Amino acid sequence: MTETSAAFDWTAVEAALFDLDGVLTPTAEVHMQAWDALFNSYLRAEHPDQPPYTQADYFAHVDGKPRYDGVRDFLTSRGIELPEGTVDDDAELDTVHGLGNRKNVTFNEVLTRDGVRAYPGSVALLDHLATIGVQMAVVSSSKNAPAVLAAAGLADRFEVVIDGVVAARLGLPGKPAPDTFQHAADELGVAHARCIVLEDAVSGVQAGAAGGFAGVVGVDRGAGSALADAGATIVVRDLAELIS
Ligand SMILES: O=P(O)(O)OC[C@H]1O[C@@H](O)[C@H](O)[C@@H](O)[C@@H]1O
């Protein structure tokens, strides 16, 4: 049965594998705004017959996945097929990569303009885990993860950061596949069964549940009961609930 409140026992855990956007920093919101702007302007221009892109589309098809997988999976859900293109595609091109790159321009504009402040409860948990000697890694689908960590002042806290750039370089499939989390555990030198995954996205919880880990903490930032359905073994609203 899934626990719904914490009192978490860290003694069985040697490492914590943290998703970033929506777990350590409120940047899931920035991604959501950028995706909304992208998909709704694209649909209005090219498919005015389609209903607007909504937050429900984000949670169902985009949340937690690598950039171009999110583009492709949302378009597929609407029966739209675009040429793949390549990562170098101009942001104006209507290809899977062009649309993803267009969204990235918006994301970085907002990040530069507004900065980012980590969730205080998440920082409190990082402090606690450092004190009790639990190792920590960040596992993010985002190619912007290092920039977000730096902007939030968290970069020095993690020796291992597996982001979208590392995953692409190593050919690791993205979430919901478990490979990026497993690679982070291997880099830390900790057995998968002694690691816990902390995730706010359904695709990320699925990745954690498939990876042979000690458990998956679902962080509810809007996905709600879908986290437990996807395999979260405990669900919290704030990481400070996990400080025992
Ligand atoms: O486009 P980026 O920065 O590489 O990020 C890809 C994805 O990264 C994930 O961390 C976010 O949950 C998604 O919303 C985002 O789409």
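Two strands pair if DSSP finds at least two bridges between them. That rule sets up one detail of this predicted model: V138 stands opposite V161 in β3. The wider setting is an open sheet of 6 strands with parallel pairing.

**The sheet as a whole**
- The strand order is β3-β2-β1-β4-β5-β6.
- β3 (160-162) and β6 (234-236) are the edge strands. Each of these pairs on one side only.
- From one strand to the next, the twist averages 20°.

**β2 and its partners**
- Strand β2 covers residues 135-139.
- β2 pairs with β3 in the parallel sense, over 3 bridges.
- β2 also pairs with β1, again in the parallel sense, over 4 bridges.
- V138 of β2 is the bridge partner of F18. V138 also stands opposite V161 in β3.

**β1 and its side chains**
- β1 spans residues 15-18.
- β1 and β4 run parallel, joined by 4 bridges.
- Across to β4, L17 stands opposite V197.
- A15 and L17 point one way from β1. A16 and F18 point the other way.
- Are these four residues of β1 buried or exposed? A15, L17, A16 and F18 are all buried.

**A helix across the strands**
- Helix α8 is made of residues 179-188.
- Helix α8 lies across β1, β2, β3 and β4 (195-199).
- Helix α8 runs at about 145° to β2.

Methods: Residues are numbered from 1 along each chain as its sequence is written. This is a predicted model: local features need pLDDT of at least 70, side-chain atom pairs count only at pLDDT 80 or more; totals for chains, interfaces and linings use all residues. Helices (H or I, at least four residues) and strands (E, at least two) are DSSP runs, numbered from the N terminus. Axes are lines fitted to C-alpha atoms, for helices over the stretch in contact, and angles run from 0 to 180 degrees between N-to-C directions. Two residues are in contact if their C-beta atoms, placed from the backbone, lie within 7 Å. A residue is buried if 20 or more other C-beta atoms lie within 10 Å of its own, exposed if 12 or fewer, and partly exposed in between; C-beta atoms are placed from the backbone.
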